[in-house]
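Let's take a friendly walk through the charged pairs and the cysteines of this model. Have the sequence and the coordinates open as you read.

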Amino acid sequence: NVAVYLTALLWWARAVLPAPLDDVGRSRFLLLLLPLSVPCMYNGQSNLLVVGLMLAAVAGAAEGRWNLSSLFVALACMLKLYPLAMGLMLCALYPRQLILRQALALLACLALPFLLQNPSYVGSQYYQWVHSLMADDRQVRVVALWPRDVRLLFRVWLAPLPPVGYPVLQFLAGAGSAALCVAGQARRWAPQRQLTLLTGLGCCWMTAFGPATESNTFVLLAPSLAASL
């Protein structure tokens, strides 16, 4: 996890950030990552791997490596479902290069288990997974166990969102983020500036509107926050 995370971070910093980092800047960048990154380095969760794969997908797009970018998005989606949002934002910027490639990469990753295990067993696992997702109502939990997302803020500070309200809010926030990236492209921003914005907005969406945000999920914000500082 740590190896993928650090390698992807340095690749993303070199290929995506509008201002190149010298040795001192790179050292400061890595130090600023530590507060949000260290807790994820010893708990064995896949957050660092997910972040690394998404950063690699953006860096691959910055260098025109469309097949690699699509593969990294698909691998991240095999670990967590929500990186698909960032993949769709990349598709909004580069539809001709990425839509078909990402679809094929996702299908290949979903089909691969059928070649490695009894197909009926794999099918039952997929069925149970979908059934679990549909039956998982996180709003019935006590507030202390709620995901740390926008829905919790509504619950605490305003009023609980209706069941259909949160998916609508998720969609509007994601569509708005993609629209901002496309608007930057229409204004002929440099690709590095576009992809820096995409990384920040995508990671903010996955944190604020993702399905299961907890304290360790905030590592998603670490690269953009450190780069901004």
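## Disulfides

How many disulfides are there in this predicted model? The count comes to zero. Cys77 takes part in no disulfide, and the nearest cysteine sulfur to its own belongs to Cys109, 8.9 Å away. A disulfide needs two cysteine sulfur atoms within 2.5 Å, so at 8.9 Å the sulfur of Cys109 is too far from that of Cys77 for a bond.

Are these two cysteines buried or exposed? Cys77 is buried, its relative accessible area being 9%. Cys109 also counts as buried, at 15% relative accessibility. The cut-off for that label is under 20% relative accessible area.

## Salt bridges: a pair across the chain

Now to the charged side chains. The structure holds four salt bridges, and three of them are worth a visit here, beginning with Glu63 and Arg14. The side chains of these two residues meet with an N to O distance of 3.3 Å. The pair links distant parts of the chain, its members being 49 residues apart. Glu63 sits in the loop between α3 (47–62) and α4 (66–79), while Arg14 belongs to helix α1 (residues 2–15).

How accessible are the two partners? Glu63 counts as partly exposed, at 30% relative accessibility. Arg14, on the other hand, counts as exposed, with a value of 59%.

## A shared partner

Which residue forms a salt bridge with Arg65? The partner is Glu63, and the closest N and O atoms of this pair are 3.3 Å apart. Salt bridges that share partners thus join Arg14, Glu63 and Arg65 into one network. Arg65 itself is partly exposed, with a relative accessible area of 44%.

## A pair within one helix

Our last stop is a salt bridge between Arg26 and Asp23, where the closest N and O atoms are 2.9 Å apart. Where do these two residues lie? Both are found in helix α2 (residues 23–42), and they are three residues apart, about one turn of the helix.

Their accessibility can be read in the same way. Arg26 is partly exposed, at 32% relative accessible area, whereas Asp23 counts as exposed, at 58% relative accessibility. The line between these two labels is drawn at 50%, since exposed means over that value.

Conventions: Residues are numbered from 1 along each chain as its sequence is written. This is a predicted model: local features need pLDDT of at least 70, side-chain atom pairs count only at pLDDT 80 or more; totals for chains, interfaces and linings use all residues. Side-chain values use heavy atoms; hydrogens and water are left out. Helices (H or I, at least four residues) and strands (E, at least two) are DSSP runs, numbered from the N terminus. Buried means under 20% relative accessible area, exposed over 50%, partly exposed in between (1.4 Å probe, protein chains only).
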